[in-house]
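Student: I would like to learn how to read a protein model feature by feature, taking the general idea before the particular case. Could we work through one together?

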Amino acid sequence: MAGVQATRVNAAAVASRITALAAARPVAAAVRPAWLMRAIACTDLTTLAGDDTPGRVRRLCAKARLPLSPEAQTALGAHRPLTTAAVCVYHGLVETAVRALDGTGIAVAAVSTGFPAGLSPLPLRIEEIRASVAAGAREIDVVITRAHALTDNWSALYDEIAAFRDACGDAHMKVILATGELGSPTRVARAALVAMMAGADFVKTSTGMEKVNATLPAALVMMRAIRDYHARTGARVGFKPAGGIGSADEALAYLVLLREELGPEWMTPARFRFGASRLLGDIERHLDLTLTGRHASPDHFALG
């Protein structure tokens, strides 16, 4: 793991890049609807509440199948029926989501491995992955043992993620780094590198339950790690910002950063996802304003 330990990030340069990009690359009004529809197509529509019910998950799946009305999609110039990329739930509701999405091509993602803290015994975390895959989850969002990263025990982190990879089988694995808890951009970059080396299909910022969740600086650090890993290995690892992204403007900022750092080939559901619950409603409000010229009430597009 000498190469991991040698990785360094200049925090001041990261901040400068984010500031400069925000000023230099606004999304033009003419293409804004298309970019927002791309954000919808790259969304893992998520519910991870303690009071989740099968009914709530079925409603979420219905929204994932039809995030915008057919009339709105036509008016906005959608070239094909629009859906979200996935629906993300706890293990106990995987089967409900699988049944609700049968035949749609929309993936069911399960959070796993003792989400959100990742502190349950390793054999239980591995078994949880296998149970979710057996229940029909095609994607697994796993959490790491943060202590491995915080103590620079990169070999232990690699072994843990490799074990998760093996348990996932054919399911895609998204590795949640909990960037807000790792303490420095250098540690974020190192953790991302180890996750990719161990077989991550995506690296993901946050569980959404930390004090600090997705941020543009953390996203930049992770995208640079993905870019460097691709340059060295040829592997294209995906990126998923999650937690606290609730507005259309925030979504556009992440898409601009993605395009600038990784290129348009990453702007697909196969390589980019938003983990979000509130984001879709705000995007709908912005698109409705484009079509009608009127501002809808804040709760008009609530998922409920």
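Student: How many helices and how many strands does the secondary structure of the protein come to?

Tutor: Please keep in mind from the outset that this is a predicted model. Its secondary structure comes to 13 helices and eight strands. The radius of gyration is 19 Å, close to the 19 Å that the globule rule gives for 304 residues, so the protein is as compact as a globular protein of that length.

Student: What box do the C-alpha atoms fill, and what percentage of the residues count as buried?

Tutor: Taken along the principal axes, the box is roughly 55 × 45 × 35 Å, and of the 304 residues 50% count as buried. For a residue that does not fall in that class, take Ala 11, which lies in helix 2 (residues 11-24) and counts as partly exposed at 42% relative accessibility. Ala 11 also lets you set sequence against space, since Ala 11 and Pro 123 are 112 residues apart in sequence and 37 Å apart in space, C-alpha to C-alpha.

Student: Let us turn to pockets. How much space lies in the largest pocket, and which residues lie nearest its centre?

Tutor: The general idea is that rolling a probe the size of a water molecule over the atoms shows where empty space is left. In this model the largest pocket holds about 620 Å³ of space; its lining is made by 25 residues, and Met 37, Arg 38, Ala 41, Arg 80 and Leu 82 are the ones that lie nearest the centre.

Student: Which element gives the largest share of the lining of the largest pocket, and how do the lining residues divide into nonpolar, polar and charged?

Tutor: Helix 3 (residues 32-41) gives the largest share, with five residues, while the lining as a whole divides into 13 nonpolar, six polar and six charged residues.

Student: What volume does the second largest pocket have, and what lines it?

Tutor: The second largest pocket has a volume of about 390 Å³ and is lined by 23 residues, with Thr 46, Thr 47, Leu 48, Ala 276 and Ser 277 nearest its centre. Helix 4 (54-65) and strand 8 (274-276) each supply at least two of the lining residues, and the largest share, three residues, comes from helix 4. By class, this lining divides into nine nonpolar, nine polar and five charged residues.

Student: Next I would like to read the charged pairs. How many salt bridges does the count come to?

Tutor: As a general idea, side chains of opposite charge can pair when their charged atoms come close. Here the count comes to 21 salt bridges. One of them joins the side chains of Lys 174 and Asp 44, at 3.2 Å from N to O. Lys 174 lies in strand 5 (residues 172-176) and Asp 44 in strand 1 (residues 43-46), so this pair ties together parts that are 130 residues apart in sequence.

Student: Are Lys 174 and Asp 44 buried or exposed?

Tutor: Both Lys 174 and Asp 44 are buried. Asp 44 also meets Lys 240 in a salt bridge, at 2.8 Å from N to O, and that pair links distant parts of the chain, with Asp 44 in strand 1 and Lys 240 in strand 7 (residues 238-240), 196 residues apart. The relative accessible area is 0% for Asp 44 and 1% for Lys 240, and each counts as buried because the cut-off for that class is under 20%.

Student: Which residues do salt bridges that share partners join into one network?

Tutor: To approach the network, take one further pair, Asp 141 and Lys 240, whose side chains meet in a salt bridge at 2.8 Å from N to O. Asp 141 lies in strand 4 (residues 139-143) and Lys 240 in strand 7, so the pair ties together parts that are 99 residues apart in sequence. Asp 141 is buried as well, with a relative accessible area of 0%. Through shared partners, salt bridges join Asp 44, Glu 139, Asp 141, Lys 174, Lys 204, Lys 240 and Arg 273 into one network.

Student: Finally, how many disulfides does a search of the whole structure find?

Tutor: The search finds zero disulfides. For Cys 61, the closest cysteine sulfur is that of Cys 88, and because the two sulfurs are 11 Å apart they are too far for a bond. Both cysteines are buried, Cys 61 with a relative accessible area of 0% and Cys 88 with one of 1%.

Conventions. Residues are numbered from 1 along each chain as its sequence is written. This is a predicted model: local features need pLDDT of at least 70, side-chain atom pairs count only at pLDDT 80 or more; totals for chains, interfaces and linings use all residues. Side-chain values use heavy atoms; hydrogens and water are left out. On a 1 Å grid over the protein atoms alone, a cavity is a set of points where a 1.4 Å probe fits but cannot get out, and a pocket is an open set with protein on both sides within 12 Å along at least five of seven lines; lining residues have an atom within 4 Å of a point. Grid points are joined across faces, edges and corners, and a volume is the space filled by probe spheres set on the points. Helices (H or I, at least four residues) and strands (E, at least two) are DSSP runs, numbered from the N terminus. Ala, Val, Leu, Ile, Met, Phe, Trp, Tyr, Cys and Pro count as nonpolar, Asp, Glu, Lys and Arg as charged, and the others, Gly among them, as polar. A salt bridge is a side-chain nitrogen of Lys or Arg within 4 Å of a carboxyl oxygen of Asp or Glu. Buried means under 20% relative accessible area, exposed over 50%, partly exposed in between (1.4 Å probe, protein chains only). A disulfide is a pair of cysteine sulfur atoms within 2.5 Å. The radius of gyration is taken over C-alpha atoms; the globule rule is 2.2 Å times the number of residues to the power 0.38.
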